[in-house]
Structures are given as structure tokens and as C-alpha cells.
Amino acid sequence: MSATCQLTGRRPGFGKSVSHSHVRTSRRWNPNIQRRTYFVPSLGRRITLNLSAKAIKTVDRDGIESVVARLRARGEKI
């Protein structure tokens with residue numbers, strides 16, 4: 001599963017870890033991506049989305065119908 005949110009587009013952030021001796025090594029901060037399944041009444045079926053924790057809250061607030069419409073308007077296949 002890729003570390004990209006389908007709704008918000010969040011991706012890993014990259015940077016450096018700095019040790020006590022100031023040695024810098026590369027690292028990445030992954031977003032909290034989770035696979036969620038929702039039933040969409042207008043489609044009459046379930047869809048599975050890879051969403052960040054913030055996007056799950058957005059779906060809870062706006063509703064899955066609104067989110068699906070937003071994804072479709074962006075041209076994403078569901």
C-alpha cells in the first residue's frame with residue numbers, strides 16, 4: 001500500500017535525523033494511512049479507500065457521498 005492519502009494527498013515528509021553527536025541521517029515521516037471500506041448508497045456497493053486519519057474525520061463530517069463526488073470531480077477512479 002502506498003503511503004499516500006486518496007482524499008487529502010498527504011505523502012511522506014523527508015528530512016534528517018540528528019544524533020547527539022550531530023551526525024545526520026536521512027529519514028521519512030509517514031502519514032497515518034489506513035485502509036477503510038465504506039458503503040456508498042448511490043453506487044449500491046462498497047468502496048475501499050486509503051485515507052489518512054485527518055481524511056477519515058473529513059468523511060465523518062462531510063459524508064461519503066460528498067467525498068466520492070469530490071474524488072470523481074478530480075478524475076480519480078473509484
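The protein exposes about 5,500 Å², and carbon and sulfur atoms supply 49% of this area. The structure is a predicted model. Buried residues account for 26% of the 78 residues in the protein.

The secondary structure consists of two helices and four strands, and the elements follow the order β-β-β-β-α-α from the N terminus. The radius of gyration is 17 Å, well over the 12 Å that the globule rule gives for 78 residues, so the protein is more spread out than a compact globule. The C-alpha trace spans about 60 × 20 × 20 Å along its principal axes. Of the contacts between residues at least 6 apart in sequence, 37% join residues at least 24 apart.

The largest nonpolar core has 15 residues, and those touching the most other members are L7, Y38, L49, L51, V59 and I64. At least two residues of this core are supplied by each of β3 (33-40), β4 (45-52), α1 (53-62) and α2 (64-73). Helix α2 provides the largest share, four residues. In soluble globular proteins, nonpolar side chains tend to be buried together.

The buried residues of α2 include I64, V67, V68 and L71. These residues lie on the same side of α2, because they cover an arc of only 100° around the axis. The elements against which the buried residues of α2 pack are β3, β4 and α1. Helix α2 is followed by G75, which has a positive phi near 90°.

Apart from its neighbours within four places in sequence, L7 is in contact with L51, A55, T58, V59, V67, R70, L71 and R74. Among these partners, V67 and L71 are buried residues of α2, while L51 and V59 are, like L7, among the core residues that touch the most other members. Another partner of L7, T58, is found in helix α1. T58 counts as buried because its relative accessible area, 10%, is under the 20% cut-off. With neighbours within four places in sequence again left aside, the contacts of T58 are with L7, G63 and R70. R70 is thus listed as a contact of T58 and also of L7.

A further backbone feature is found among the strands. H22 lies in the loop between β1 (13-18) and β2 (24-29). Most residues other than glycine have a negative phi. H22 has a positive phi of about 70° although it is not a glycine. The relative accessibility of H22 is 54%, over the 50% cut-off, and H22 therefore counts as exposed.

Conventions
Residues numbered from 1 in each chain as written. Predicted model: local features only at pLDDT ≥ 70, side-chain atom pairs only at ≥ 80, totals over all residues. Heavy atoms only, no water. Buried < 20%, exposed > 50% of the residue type's maximum accessible area, 1.4 Å probe, protein only. Core = buried A, V, L, I, M, F, W, Y, C linked by side-chain atoms within 4.5 Å. Contact = heavy atoms within 4.5 Å. Arc of directions from axis to C-beta. Rg over C-alpha atoms; globule rule 2.2 N^0.38 Å. Areas by Shrake-Rupley, 256 points an atom, 1.4 Å probe, with all protein chains shown as cover.
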